[in-house]
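I opened this model to look up a few residues, one helix and the domain layout. My entries follow in the order I made them.

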Amino acid sequence: MSQSEPQDVVNSEGSVVQNADEAASIVLNQALSAAAQGTFAVGGAIVENATGRVIHKLHNNVLKKLLRTDSDTNNVFTYDPTAHGETQLVYWYYENKTKFNLPEPEELTIITTLDPCVMCTGALLTAGFNVGVIAIDDYAGINWDEDFNFQTLPESLRDLAKSKFGYYASENKDGGPSEYVRSYKGSPNVALRNTSISVQRLMGCDSIFRAGLESVRADSYDAGPDADKNLLDPYYLPEESLIKVKYREIYPDAFKVKISNPRLPGEELFQILKKVKESEPKAQNSVALLDQFGNVILCLADTDESPVHTAFMNVTQNYAIIRFELTKMYVNDPKKVEAPNKYLTYPKYGTFVFLYAPSPNSTKAIMTLGAYGSTLEGKVPKIFPANFQYYYPPHEGTIKELRSVIMHLPPFYNEFAPISIMQVAGDFT
Ligand SMILES: [Zn+2]
């Protein structure tokens, strides 16, 4: 499924930036557009290191508007919890690499208004981009404590991150608070690293994000009914219901299998996950999403479109985007589809079941854990604390190491959206 809408796409003949401040101006404008859309105010761009050419720019799209006509931000709904600026740029890159004959990620820098979160860091490192950062995010950012040593990552990945990430210098050219003044820190490979941004621009990137944060989070909470109340079981919808039809376009068996206890998925789901993984020859993993009724909504494997198209990313993106499209359809024409919010809710009320737990020292695990945190947007309900389960331990490394990786993630992933993993009860071989 495409991550970028056509109006976001600029062709490869983009503008050229001479210094980091010009680049900061472009991504700050993207962040302002994100704020106007009612989503997290973060923007980013891909810049070619050798030339300063801006190859593509876009902004966060976690929330989008449901009504075509309404210009205020009161009718936003979760579109895709993984649609952060940087992760979308990584997806855009792989979708367009051949078409635009784009340079390798090592020759490019993704410049972002805000320090990447765990998911984006994992996606950027998996792809191999250089990363130029403007403002610090002291809650979910990979350098949330401004240590710049990547203590938030497993030791095995810290040198890699240090060789890719750089934090631009900022200069107090026309006055302004001096606590934002800093020198360049990080990788020697980041585009425009020898130039600085103005303190005003840095403050702009910082304050536009913070200004909208609480209301955007509140809007993302409105994206579904409480699962324990009023939700109807989509299993009993007619076969021609668009809710079934749309999910079956991605996973043909959607809503066909009902696991009697979604908290104890057992042998039946194990066999499904193995079959789905085997259907993609290069896949290392498969992941299923069960709803609270035990329906298997999606079960998908890693796909070979790119290294970031992992099973979990495929599941969480498709679940959200289809739910958004159905909701948008319903809001604009209620006769077309059953009210989606009567049948579909937050993924945190369901269960994500992995065939293999993520390998703790891999960049893909970092992306996966971060994407899981972003998907939850808040605590898993107390009635069911374990909605991240796995059958097999990681391909490489141990569950103990994986738990340690989780423990060291930035505060967001341990306080706001805590990640706890559990092996599926039973004996599976
Ligand atoms: Zn992110």
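**Gly 166.** I looked up Gly 166 first and found Gly 166 in strand S7, residues 165–167. Strands here are DSSP runs of E with at least two residues, helices are runs of H or I with at least four, and both are numbered from the N terminus. The model is predicted: local features need pLDDT of at least 70, side-chain atom pairs count only at pLDDT 80 or more, and totals for chains, interfaces and linings use all residues. Residue numbers start from 1 along each chain as its sequence is written.

Is Gly 166 buried or exposed? I count 25 other C-beta atoms within 10 Å, so Gly 166 is buried. The cut-offs I use are 20 or more other C-beta atoms within 10 Å for buried, 12 or fewer for exposed, and partly exposed in between, with C-beta atoms placed from the backbone.

I then listed what Gly 166 touches, leaving out residues up to four places away in sequence. The partners are Gly 132, Val 133, Tyr 184, Lys 185, Gly 186, Ser 187, Val 190 and Arg 193. A contact means that the C-beta atoms of two residues, placed from the backbone, lie within 7 Å. I also took one long distance: the C-alpha atoms of Gly 166 and Met 329 are separated by 42 Å, with their positions 163 residues apart along the chain.

**Confidence.** I checked pLDDT, the predictor's confidence in each residue from 0 to 100. The protein chain averages 91, and 92% of the residues score at least 70. Residues 1–13 stay under 50. For that stretch the model has 18 contacts beyond four places in sequence. Where pLDDT is low, the predicted coordinates should not be read in detail.

**Whole chain.** I find eleven helices and 15 strands in the protein chain. The C-alpha trace spans about 65 × 50 × 40 Å along its principal axes. The radius of gyration is 21 Å, which agrees with the value near 22 Å for a compact globule of 429 residues. That radius is taken over C-alpha atoms, and the globule rule is 2.2 Å times the number of residues to the power 0.38. Buried residues make up 50% of the 429. Of the contacts with a separation of 6 or more, 70% join residues 24 or more positions apart.

**Domains.** I noted domain 1 at 6–221 and domain 2 at 234–423. These bounds come from an automatic or database domain assignment. The two centres, taken over C-alpha atoms, are 26 Å apart. How many residues of domain 1 are in contact with domain 2? I read 35 residues of domain 1 against 35 of domain 2. On the domain 1 side, strand S4 (76–78), H2, H3, helix H4 (155–162) and helix H5 (199–221) each supply at least two residues. H3 gives the most, with eight residues. That side divides into 22 nonpolar, ten polar and three charged residues. Here Ala, Val, Leu, Ile, Met, Phe, Trp, Tyr, Cys and Pro count as nonpolar, Asp, Glu, Lys and Arg as charged, and the others, Gly among them, as polar.

**Helix H2.** H2 covers residues 85–96, twelve in number. I get 16 Å from its first C-alpha to its last, close to the 16 Å expected at 1.5 Å a residue. The expected span is 1.5 Å times one less than the number of residues. Nine of the twelve residues are buried. Among them are Trp 92 and Tyr 93. The cover includes strand S1 (43–48), strand S2 (54–59), strand S5 (108–114) and helix H3 (118–127). I also looked at Glu 95, found in H2. Glu 95 is partly exposed, with 16 other C-beta atoms within 10 Å.

**Two positive phi angles.** Glu 146 is not a glycine, yet has a positive phi of about 55°. I place Glu 146 in the loop between strand S6 (130–135) and H4. Glu 146 is exposed, with 12 other C-beta atoms within 10 Å. Phe 255, also not a glycine, has a positive phi of about 60°. Phe 255 lies in the loop between helix H6 (242–250) and helix H7 (266–278). I count Phe 255 as buried because of its 24 C-beta neighbours inside 10 Å.

**Gln 423.** My last entry is Gln 423, in strand S15, residues 422–423. Gln 423 is partly exposed, with 14 other C-beta atoms within 10 Å. Gln 423 touches Gln 389 and Tyr 390, not counting residues up to four places away in sequence.
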